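Biologist: Hi! Could you pull up the model so we can go through it together?
Modeller: Sure, here it comes.

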Amino acid sequence: MAQFEGIRSHQLPEEQWKVEAVTRKPLRELGWNSFFEKHYAEYKGTFIPARVTRHLKHHYQVFCEEGELTAKISGNLRHRAKHKGMFPAVGDWVVIKARPEEGSARIHAILPRQTKLSRKVVLSATDEQVVAANITTVFLMTSVSGDKEFSLRRLERYLTLSRESGAAPVILLNKIDLCENIAHYLDLVTSVAPDIPIHAISATEETGTKKLERYLGTGSTVALLGSSGVGKSALTNALAGDEVAPTGEVRESDGAGRHTTTHRELYWLKDGGALIDTPGMRELQMWAGERSLLESFSDIVELGERCRFVNCQHLSEPDCAVKTAIDSGSLDEARYLNFLKIREEHEALVKKREQVAKTQQKIDNPKRQTWRQKKNSKKRQR
Ligand SMILES: Nc1nc2c(ncn2[C@@H]2O[C@H](COP(=O)(O)OP(=O)(O)OP(=O)(O)O)[C@@H](O)[C@H]2O)c(=O)[nH]1
Ligand SMILES: [Mg+2]
Ligand SMILES: [Zn+2]
């Protein structure tokens, strides 16, 4: 098996040994399973499987039995990719032509994704951005070091997206070493996510991190999600058992981070499994179906069953049980307003997608060609 001595010769012997130990990991340990094996069958013999570990601006880093390679996508894959979501994402299993002697590879196709965590591309109407692929669990991280770093509304949004991913969401309350009232934050979070496991931890002190082992281990892939500065990279380092990801200070003024992590990257953990560290995203626009939305706001859905109208939108209809609950104080108005906002984003996305699908249908259906298109195609035939 090639080990790229040439590339890594600047490393100390101990570091080199670590890298080599990692490169010898069999595919199963990296998350490969019968699902991918089945889809890989048609490529067998020509291409080898690899997992995308890093996505930089113009290239990818992939991991395969030949070790770690720098990869670019083939012209064919670029041509077939009709939108952003069809390009490789961190965590994807891809098939490649490897050139281990050069440390490079060409990605020819993406194997179907078992799960994916997506958001809508900012400034695009319908484009999907896959944040992490083939993940088993999402760690939603928030900091409890003070109210400035804590937002229930953000958590509701993250939770809706995570439910959509197909992976299991888990909430982490980090920086408990700086928190005097953990029970207060636990109560708040439980109120918006009664059905989700919650763990209070300190990434830097490594308190409570042992409880996370149940989500890790061979074959598992966890994606870390949360605002800048909450401690995602600090936890990555704690679980990797090494300073693999850079961490940065939090601003005194507003408690926000400085966007230290700039790209998504998959790291192998010391006790098996993988962790995808992501940059704290400024905007997390909805890419969620109705089911995930309703699951995240099941209390509002339940109240809605008592409204006078079956199709009550809980806006200004008479005898609306949701509005009544807000008036009586049993439903937090801020949660309700967040629900309306997320629902609006979801509905706008659905509408836009329908419009795009209709336009595409017109293009694909020759009977509905316009007079001008017909004339042009006749001209071409002549
Ligand atoms: N006291 C304390 N500080 C922590 C803890 N976890 C992280 N920090 C600190 O918080 C700061 C931000 O941590 P990072 O891990 O860089 O945060 P991040 O979520 O990766 O941020 P981005 O990469 O910008 O998205 C660093 O100074 C960490 O040392 C913790 O449990 N306790
Ligand atoms: Mg980071
Ligand atoms: Zn109502």
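Biologist: Where is His 314 found?
Modeller: This is a predicted model, and in it His 314 sits in the loop between helix H9 (298-304) and helix H10 (321-328). The phi of His 314 is positive, about 60 degrees, although the residue is not a glycine.

Biologist: What sign does phi usually have?
Modeller: Most residues other than glycine have a negative phi.

Biologist: And is His 314 buried or exposed?
Modeller: Buried, because 20 other C-beta atoms lie within 10 Å, and the cut-off for buried is 20 or more.

Biologist: OK, what about Glu 206, what is its phi?
Modeller: Glu 206 also has a positive phi of about 60 degrees without being a glycine. You'll find Glu 206 in the loop between strand E10 (198-200) and strand E11 (221-225).

Biologist: How many other C-beta atoms does Glu 206 have within 10 Å?
Modeller: There are 14, so Glu 206 counts as partly exposed.

Biologist: Let's switch to the ligand. Which residues are the closest to ligand 1?
Modeller: Gly 231, Ser 233, Thr 247, Thr 261 and Gly 280 are the closest, out of 27 residues that surround ligand 1. By class, that shell has 15 polar, 6 nonpolar and 6 charged residues.

Biologist: Which helix gives the largest share of the shell?
Modeller: Helix H7 (residues 232-240), with 3 residues.

Biologist: How many residues of H7 are buried?
Modeller: 8 of its 9 residues are buried, and H7 is mostly covered. Ser 233, one of the closest residues to ligand 1, is among the buried ones, along with Lys 232, Ala 234, Leu 235, Thr 236, Asn 237, Ala 238 and Leu 239.

Biologist: Which strands do they pack against?
Modeller: The buried residues of H7 pack against strand E8 (137-143), strand E9 (168-174), E11, strand E12 (265-268) and strand E13 (274-277).

Biologist: And what follows H7?
Modeller: Gly 241, whose phi is positive, near 70 degrees.

Biologist: Last topic, helix H5 and helix H6. At what angle do their axes cross?
Modeller: The axes of H5 (residues 152-165) and H6 (residues 182-192) cross at roughly 40 degrees and come within 10 Å. The two helices are therefore oblique to each other, and H5 passes H6 in a right-handed crossing.

Biologist: Which residues make the contact?
Modeller: Leu 152, Leu 155 and Glu 156 of H5, and Leu 188, Val 189 and Val 192 of H6. By class, that contact has 5 nonpolar, no polar and 1 charged residues.

Key:
Residues are numbered from 1 along each chain as its sequence is written. Chains are lettered from A and ligands numbered from 1 in the order in which they are written. This is a predicted model: local features need pLDDT of at least 70, side-chain atom pairs count only at pLDDT 80 or more; totals for chains, interfaces and linings use all residues. Axes are lines fitted to C-alpha atoms, for helices over the stretch in contact, and angles run from 0 to 180 degrees between N-to-C directions. Helices (H or I, at least four residues) and strands (E, at least two) are DSSP runs, numbered from the N terminus. Angles under 35 degrees count as roughly parallel, over 145 as roughly antiparallel, 65 to 115 as roughly perpendicular and the rest as oblique. A crossing is left-handed if the near helix is turned anticlockwise from the far one by less than a right angle, and right-handed if clockwise. Two residues are in contact if their C-beta atoms, placed from the backbone, lie within 7 Å. Ala, Val, Leu, Ile, Met, Phe, Trp, Tyr, Cys and Pro count as nonpolar, Asp, Glu, Lys and Arg as charged, and the others, Gly among them, as polar. A residue is near a molecule or strand if its C-beta atom, placed from the backbone, lies within 6 Å of it. A residue is buried if 20 or more other C-beta atoms lie within 10 Å of its own, exposed if 12 or fewer, and partly exposed in between; C-beta atoms are placed from the backbone.
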